[in-house]
Amino acid sequence: MFSGLMLNAWESASIVAVVAGVVGFFIVLRGSAFAAHALPNGAFAGAAGASLIGVDAIVGLAVFSVLGALTIAGLGRRARHDVATALVIVVMLGLGSLFLSMTTEYAPEIYSLLFGEVLGVSSSELLPIALIGLVCIAAIFVVYRPLMFSSVMPDVAAARGVRSGAMEVAFLLVVALTTTMAVPVVGALLIFSLLISPAAAARSFTSKPFTAMGLSALIALGTVWSAIALSFLSNLPIGFFVGSIGAGTYAAGRGWVAWRRNREASPRHSGQALRSGAAG
Amino acid sequence: MLGFLSPLFEPGFFSNAPVQTALLVGGIVAVVSGIVGTFTVMRGQSFAGHSLADIGTAGGSASFLLGISPLFGFVAMNLMAAGVMEWIGIRRPRGRDLGAALGLAALLLYLDTTASSTTGATINVLFGSIFTLPSSLVPVIAIFSVVAAGVVLAMYRPLLLSSVSSDLATAQGVRVRLVGIGYLGALAVAVSLSAVTIGAILSTALLIGPAATALRITNRTGRAAVIASAIGVVATWLGVLLAYDSYYWFPSRGGWPVSFFVVTLVFLLYLVSQIRFGRGSRVQRAGVAAQAG
């Protein structure tokens, strides 16, 4: 379970989990789950294009995810964000279907990017994964204060001179980098689960940003580790365990919130819940 | 009389049965997507619309196992998913994102258990295959279309009011929650329909692209729905035509995919409307302001 190939799997998955936990915290905070879904899926189309012209898949992943991030940010300035994201993902997937229709030889290798190959990570791939992961986390910490500010209170941040457009671009670029790093390891579908579930669960347990971020990374690590171990023991796919553990932790978070609300129940609280229920 | 058009249409375009079915089904789906999509864009539920297309895949594969038509599996799965989204997203407006997100996680869960080897079925549902539709499916598709469009049209006024301002609608005595659930149900049916026939990519493209373009062109919702349907139909038919023609294009391995053409057309139209009507309609500006605030 801890030998040779498996060691690479443990290491690469751990790196991906920590980065996903940290970046995911801001994705949940900013409500940009759709972009976190669109970029990995669109990047998958880039990998198909890369194999068509015969370059390394990771180049295609990087080019498409960065272009996608810039387009979402650019179009999102003048229209609703979710519309821009929806259009970007369909255009990238449309291109992907064109690329896939032209190339037939390497199709299985491309499809593996949808589901990831955590057991297929070679030692030479570990270094780039670690480097990109470091860059992502460093970037988050460099822009931490303005990013936090513009995520939580966009109006006040803008009044204080934080450029929310620039923050959006910077953040989406970090998501794009995370995508590039994570898709070959865990796949376009799984990385989304890893970005959202741990961070959403962590936010239910604490409202302190640093604690939530750390907790999110820890939950992501726990999820990935137990998923690999369970999959090793049971021979079921890793994605199944990541998905169900993610849903489980989120449900636990919701349960925790409901339990605390019950304990502190007061007329004011329930009135608020009713009102926002009607508005949503 | 139409001889001058012959360079445009490769021989046999109109007499080809799969093409006829594709044009018919594509047209129906585009009209329904235009009507439903106008409200999807106004309500900011693009993500819900997109993830339903993906989630329904799980229902589609389940119905293969049960031996019933995938369309019914799609609809059942999506109605369930829409219910869960409504339930999770009820507390705060932003939570809806999360609801959609976790629904997607559920899809993954299912996909991985049933198709641990990456079979072509998943890919087929994702990218769709409009040319392989059996013509026996047309009546079923028509019925579901009428249901989805009918629900939206039946509650047109309260839906419009609650999409523009839920506070105002509440003050007017509209049961916003109920309207929201009804709308999500219509969205679920419409998306199942388009995803199972033309694929998840095209489903989202036809739901969001034409509607967003139409809302750029006009402020009036009814007119926008009509324009969106028209754009969708034109893009789909042109896409089918181009895909048919492309059979002899480079690299001559059996034609370019329909989804590529339709998506490109929809996106180009959206870009043009961005430039031409750059200021944006009031609805969209209000949407952007509401989102920023």
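Tutor: Accessible areas come from the Shrake-Rupley method with a 1.4 Å probe. The model under discussion is predicted.

Student: How much accessible surface does chain A have, and what share of it belongs to carbon and sulfur atoms?

Tutor: Chain A has 280 residues, 54% of which count as buried. Its accessible surface comes to about 11500 Å². The share of that surface belonging to carbon and sulfur atoms is 67%.

Student: What share of the area exposed by chain B do carbon and sulfur atoms supply?

Tutor: In chain B, 54% of the 293 residues count as buried. The chain exposes about 12400 Å². Of this area, carbon and sulfur atoms supply 69%.

Student: How many helices and how many strands are there in chain A, and what are these counts in chain B?

Tutor: Read along its sequence, chain A follows the pattern α-α-α-α-α-α-α-α-α-α-α-α-α, which amounts to 13 helices and 0 strands. For chain B, the pattern α-α-α-α-α-α-α-α-α-α-α-α-α gives 13 helices and 0 strands.

Student: Among contacts in chain A between residues at least 6 apart in sequence, what percentage join residues at least 24 apart?

Tutor: In chain B, residues 24 or more positions apart account for 75% of the contacts with a separation of 6 or more. In chain A, the share of such contacts that join residues at least 24 apart is 77%.

Student: Which residues have the most contacts inside the largest nonpolar core?

Tutor: Nonpolar side chains tend to be buried together in soluble globular proteins. Here the largest nonpolar core has 163 residues. Those with the most contacts inside this core are A:Val23, A:Phe26 and B:Leu187.

Student: With which residues is B:Leu187 in contact, leaving aside its neighbours within four places in sequence?

Tutor: B:Leu187 is among the residues with the most contacts inside the largest core. Once its neighbours within four places in sequence are set aside, the contacts of B:Leu187 are B:Val36, B:Thr40, B:Ala48, B:Gly49, B:Leu52 and B:Leu207.

Student: Where in chain A do the two residues of the salt bridge lie?

Tutor: A search of the whole structure finds 1 salt bridge over all chains. It joins the side chains of A:Arg30 and A:Glu168, at 2.6 Å from N to O. The pair links distant parts of the chain, 138 residues apart: A:Arg30 is in helix α1 (residues 5-30) and A:Glu168 in helix α9 (residues 164-186).

Student: Are A:Arg30 and A:Glu168 buried or exposed?

Tutor: A residue with under 20% relative accessible area counts as buried, and one with over 50% as exposed. By this criterion, A:Arg30 and A:Glu168 are both buried.

Student: Which helix supplies the largest share of the nonpolar patch?

Tutor: The patch on the surface is formed by A:Leu52, A:Ile53, A:Val55, A:Ile58, A:Val59, A:Val63 and A:Leu67, with about 570 Å² of accessible area together. At least two of its residues come from each of α2 (33-53) and α3 (57-76) of chain A. The largest share, 4 residues, comes from α3(A).

Student: Why does A:Leu52 count as partly exposed?

Tutor: A:Leu52 lies in helix α2 of chain A. Partly exposed residues fall between 20% and 50% relative accessible area. A:Leu52 counts as partly exposed because its relative accessibility is 32%.

Student: Which residues does A:Gly46 touch, not counting those up to four places away in sequence?

Tutor: A:Gly46 also lies in helix α2 of chain A, and with a relative accessible area of 2% it is buried. From A:Gly46 to A:Ile58, 12 residues away in sequence, the C-alpha to C-alpha distance is 8.7 Å. Beyond four places in sequence, A:Gly46 touches A:Gly60, A:Leu61 and A:Phe64.

Student: How far apart are the end C-alpha atoms of helix α10 of chain A?

Tutor: Of the 18 residues of α10(A), 16 are buried, so the helix is mostly covered. At 1.5 Å a residue, this helix (residues 188-205) should span 26 Å. In agreement with that expectation, its end C-alpha atoms are apart by 27 Å.

Student: Which residues does B:Ile28 touch, not counting those up to four places away in sequence?

Tutor: B:Ile28 lies in helix α1 (residues 17-43) of chain B and, with a relative accessible area of 21%, is partly exposed. B:Ile28 and B:Val146 are 118 residues apart in sequence, yet 9.6 Å apart in space, C-alpha to C-alpha. Not counting residues up to four places away, B:Ile28 touches B:Ile141 and B:Ser145.

Key:
Residues are numbered from 1 along each chain as its sequence is written. Chains are lettered from A and ligands numbered from 1 in the order in which they are written. This is a predicted model: local features need pLDDT of at least 70, side-chain atom pairs count only at pLDDT 80 or more; totals for chains, interfaces and linings use all residues. Side-chain values use heavy atoms; hydrogens and water are left out. A nonpolar core is a set of buried Ala, Val, Leu, Ile, Met, Phe, Trp, Tyr and Cys residues joined through side-chain atoms within 4.5 Å. Buried means under 20% relative accessible area, exposed over 50%, partly exposed in between (1.4 Å probe, protein chains only). Contact means heavy atoms within 4.5 Å. The expected span of a helix is 1.5 Å times one less than its number of residues. Patches are made of residues with over 30% relative accessible area and no salt bridge: like charges are joined within 9 Å, nonpolar side chains (Val, Leu, Ile, Met, Phe, Trp, Tyr) within 5 Å. A salt bridge is a side-chain nitrogen of Lys or Arg within 4 Å of a carboxyl oxygen of Asp or Glu.
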